[in-house]
Amino acid sequence: MTFKTLSATAAAALDRELMSTCAFSIDQLMELAGLSVSQAGGDGLVAARHLRHYGYSPSIYYPKRTKNDLYQRLTKQLEDLNVPFVDDFSEALKVSDHVVDAIFGFSFSGEVREPFPAVIRALQETKLPVTSVDAPSSWDIENGPPKTGLGSTFNPAVLVSLTAPKPLVKYFAGRHFIGGRYGPCSSPEFSYQELQQRVGFVPPGIAQKYDFELPEYEGIDQIVEVDSSGQKL
């Protein structure tokens, strides 16, 4: 597999195409992304629900609630499972074994605003393993960690790149997974069975359009671990 990356602009365009050409909804993409993240270590709220069903005891720091219907429904699902929402991130770290960093994602740019500076400081100081989704929080999608100051020493143990790696991956030193196994929409190049067996992911024509190659997923796995050159481990 060639180790190619998707810029923030290309990643956003790809998501839009999956929701148009391939007829996925934002709910479906978020579910599949969250499932991938839960297997590696989804998007945050979805991953927490899957982790709860796996038998873990997640808690969630979610200081800025939104009125968006999708997020309200995800929150309700977690509340129904008695997953606690915590107010103090630093205190929650003291009774945790692992952290899933799903604060900003690949669309982040600019400075880290309140209440998140304290969270980023805690992430870069903690001895707990941290799994970041698509982009370690505070990192620039193209240029990686800040050169100095807040977030400059934050390098998580695990990175889960959804769909394809982003340019910042060249600054990352931990375990790297590619996830987000969406499953194919129609393609004249391969049969449905061939697509499921070979990639089970973004259709080959769309991958070619955005100039990245598709990983091969084993069985029902939602993630593939790759090395620093992009080769499957």
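User: Strands here are DSSP runs of at least two residues, numbered from the N terminus. In this predicted model, the loop between which two strands holds Asp134?

Analyst: Asp134 is not a glycine, yet its phi is positive, at about 70°. Most residues other than glycine have a negative phi. The loop that holds Asp134 runs between strand E4 (130-133) and strand E5 (158-162).

User: Is Asp134 buried or exposed?

Analyst: Buried means under 20% relative accessible area. The relative accessibility of Asp134 is 4%, so this residue counts as buried.

User: Is Asn82 buried or exposed?

Analyst: Asn82 also has a positive phi, near 60°, and sits in the loop between helix H4 (69-80) and strand E2 (85-86). A residue is exposed when its relative accessible area is over 50%. Asn82 has a value of 67%, and is therefore exposed.

User: Which residue does a cis peptide bond join to Glu114?

Analyst: Most peptide bonds are trans. Here omega is about 5° for a cis bond. The partner of Glu114 lies in the loop between strand E3 (99-101) and helix H6 (116-125). That partner is Pro115.

User: Which helix supplies the largest share of the largest nonpolar core?

Analyst: This core has 28 residues, and Phe89 and Leu123 are among those that touch the most other members. Helix H1 (8-18), helix H5 (89-93) and H6 each supply at least two residues. The largest share, five residues, comes from H6.

User: Beyond its neighbours within four places in sequence, which residues does Phe89 contact?

Analyst: Phe89 is a member of the largest nonpolar core. With those sequence neighbours left aside, its contacts are Tyr61, Val99, Val119, Ala122 and Leu123.

Notes
Residues are numbered from 1 along each chain as its sequence is written. This is a predicted model: local features need pLDDT of at least 70, side-chain atom pairs count only at pLDDT 80 or more; totals for chains, interfaces and linings use all residues. Side-chain values use heavy atoms; hydrogens and water are left out. Helices (H or I, at least four residues) and strands (E, at least two) are DSSP runs, numbered from the N terminus. Buried means under 20% relative accessible area, exposed over 50%, partly exposed in between (1.4 Å probe, protein chains only). A nonpolar core is a set of buried Ala, Val, Leu, Ile, Met, Phe, Trp, Tyr and Cys residues joined through side-chain atoms within 4.5 Å. Contact means heavy atoms within 4.5 Å.
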